[in-house]
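Biologist: I am new to this structure and would like a close look at a single part of it, followed by whatever helps me to place that part in the rest. Please take your time over the answer.

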Amino acid sequence: MSDTVKTTAIYESENHKFFFLGWEEKEEGGVVQTNQYFVINGNEGTLLDPGGVHVFPRVLANVSEILDVGKIKHIFFSHQDPDVSSGVSLWLSAAPNARVHISGLWTRFLPHFGVYNLSRIDPIPDKGGEIRLSSGKSFILIPAHFLHSPGQFNLYDPVSKILFSGDIGAAVFPEGKRYPFVEDFEEHKKFMEGFHKRYMASSQFCKKWVDTVKKYDVQIIAPQHGAIFRGENVKKFLDWFYGLKCGSDLIDEIYGR
């Protein structure tokens, strides 16, 4: 499926909506495909990994269709990669009331993306934390270190029961083969295996993450690349990731010995 995927509500109730913000109309060879998400609680917006400079115009247009950007109060970055966060200075200008949440490891790198005033940056401590909303609800920030970034966090939304998993669960589609939701997990694995084996640090970190995530009622896993897991495919993914051999487990294979 290579056609445009428009903004889609993957959870919707009277006071809470969780949106997948769609894709570019055309796939461009060599450009990493990314997913952006937007949560509205009451009249308060939260952006999740809004992406780099390349996608800023499209994501801004998507968000503007559903909420005044002045009502964006939080921007969450799972980690520091440019496909995640290089648009941060543009978003700080476009959304003047928003605060940025990113690992404390990466705040000193933000000047390289044009952010010199850190007064609107809230560093996330290694153990995680939460983002409090004006309604009294909170998002839970779950550590996902070394999967793949040494300072990565996931965001769990207890209202929608959606876990935004950053690079965990990513898939790399061949051109013309992308789709928004996982329907056939066994078929989907072939698009995940190469990425996870190389980018995840080790099976020890994978197991720790799965054990942590299982403490929460997760109905949907929404990654930053690839397709969204829902229903029985959530458990299938967690089981697959728990048993994955990756990174240092494959050191001889990676080094060609």
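Modeller: The buried residues of helix 4 are Phe 185, His 188, Lys 189, Phe 191, Met 192, Phe 195 and His 196, where buried means under 20% relative accessible area, exposed over 50% and partly exposed in between, with a 1.4 Å probe and protein chains only. An α-helix has 3.6 residues a turn, so residues three or four places apart point the same way. The model is a predicted one, in which local features need pLDDT of at least 70 and side-chain atom pairs count only at pLDDT 80 or more, while totals for chains, interfaces and linings use all residues. Residues are numbered from 1 along each chain as its sequence is written, and side-chain values use heavy atoms, with hydrogens and water left out. Helices (H or I, at least four residues) and strands (E, at least two) are DSSP runs, numbered from the N terminus.

Among the elements that cover the buried residues of helix 4 are strand 13 (229-230) and helix 6 (232-242). Helix 4 itself takes in residues 185-199, 15 residues in total, and from its first C-alpha to its last it reaches 20 Å, close to the 21 Å expected, the expected span being 1.5 Å times one less than the number of residues. Helix 4 nevertheless bends by about 45° at Met 192, the bend being the angle between axes fitted to the seven residues ending there and the seven starting there. At the start of helix 4, the backbone nitrogen of Glu 186 lies within 3.3 Å of a side-chain oxygen of Asp 184; a polar contact is a pair of N or O atoms within 3.5 Å, and within protein one must be able to donate a hydrogen and the other to accept it, while residues adjacent in sequence count only if both atoms are side-chain atoms.

Strand 13, part of that cover, leads on to a sheet. Six strands form this open sheet in the order 8-9-10-11-12-13, with mixed pairing, and two strands pair if DSSP finds at least two bridges between them. Strand 8 (129-132) and strand 13 stand at the edges with a single partner strand each, so one side of each is left without a neighbour in the sheet. Within the sheet, strand 10 and strand 11 (residues 162-166) run antiparallel and are joined by three bridges, with Asp 157 opposite Ile 162 in strand 11.

The loop between strand 9 (138-143) and strand 10 (153-157) holds His 145, which is buried, with a relative accessible area of 17%. His 145 touches Asp 126, Pro 150, Gly 151, Gln 152, Phe 153 and Phe 205, not counting residues up to four places away in sequence, where contact means heavy atoms within 4.5 Å. At 3.4 Å, the side chain of His 145 reaches the backbone oxygen of Pro 150. His 79 is 66 residues from His 145 in sequence, and the two are 9.5 Å apart in space, C-alpha to C-alpha.

His 79 is also one of the residues in contact with Ser 85, and others include Gly 51, Phe 77 and Phe 113, neighbours within four places in sequence being left aside. Ser 85, found in helix 2 (residues 82-85), is buried, with a relative accessible area of 1%, and its side chain reaches the backbone oxygen of Gln 80 at 3.0 Å.
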